Amino acid sequence: MAKNSNITLKRGKFEGDFDFNTWMEDIANERVNGRRDLVIRLLNEKHVPVAAWSASRCFPVKITAPDLKSDANEIAVESIEIAHEGLKLMKV
């Protein structure tokens, strides 16, 4: 049986992903089993995809919210760790 390492995604600019928020709410309220296939895209500075991966049967295992400090001059970075059952490189 194959073992896959978890995927950790980080981002420093929040633009609001309502589909993601709905997924988290559904899991928290036990409305769904939580597993979902995902496409992960790596974007360049102009937000154009330069690489993409498909991950099957994903489930969030850890979410880290940024520390919101009014006196700090740093980017707020959020992260999510995702368990999955397979990862494949896709053609962009």
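Two strands count as paired here if DSSP finds at least two bridges between them. Helices (H or I, at least four residues) and strands (E, at least two) are DSSP runs, numbered from the N terminus.

What you have in front of you is a predicted model, in which local features need pLDDT of at least 70 and side-chain atom pairs count only at pLDDT 80 or more, while totals for chains, interfaces and linings use all residues. Residues are numbered from 1 along each chain as its sequence is written, and side-chain values use heavy atoms, with hydrogens and water left out.

Confidence, then. The average pLDDT, the predictor's confidence in each residue from 0 to 100, is 83 for the protein, and 90% of the residues score at least 70. Among the elements, helix H1 (residues 18–28) has the lowest mean, 75, and S5 the highest, 95.

Now the strands. S2 (residues 36–43) and S3 (residues 49–64) are antiparallel and share 7 bridges. One residue to look at is Arg-36, whose bridge partner in S3 is Cys-58. The two strands form a hairpin with 5 residues between them, and His-47 in that turn has a positive phi of about 65°.

S3 also pairs with S4 (residues 78–83), antiparallel, over 5 bridges; there, Ile-63 has Ile-80 in S4 as its bridge partner. With S5 (residues 87–90), S3 forms 4 bridges, again antiparallel, and Trp-53 stands opposite Leu-89 in S5.

Ser-79 sits in S4. Is Ser-79 buried or exposed? Ser-79 is buried, because its relative accessibility is 17%, and buried means under 20% relative accessible area, exposed over 50%, partly exposed in between (1.4 Å probe, protein chains only). Leaving out residues up to four places away in sequence, Ser-79 touches Leu-9, Lys-10, Lys-62, Ile-63 and Thr-64, where contact means heavy atoms within 4.5 Å.

Last, the charges. The structure holds 2 salt bridges, each defined as a side-chain nitrogen of Lys or Arg within 4 Å of a carboxyl oxygen of Asp or Glu. Arg-35 pairs with Glu-85, the closest N and O atoms being 4.0 Å apart. Arg-35 lies in the loop between H1 and S2 and Glu-85 in the loop between S4 and S5, so this pair ties together parts 50 residues apart in sequence.

Arg-57 and Glu-85 also form a salt bridge, at 3.1 Å from N to O. This one links Arg-57 in strand S3 to the loop holding Glu-85, 28 residues apart. Through shared partners, Arg-35, Arg-57 and Glu-85 join into one network. Arg-57 is partly exposed, at 39% relative accessibility, and Glu-85 is partly exposed at 44%.
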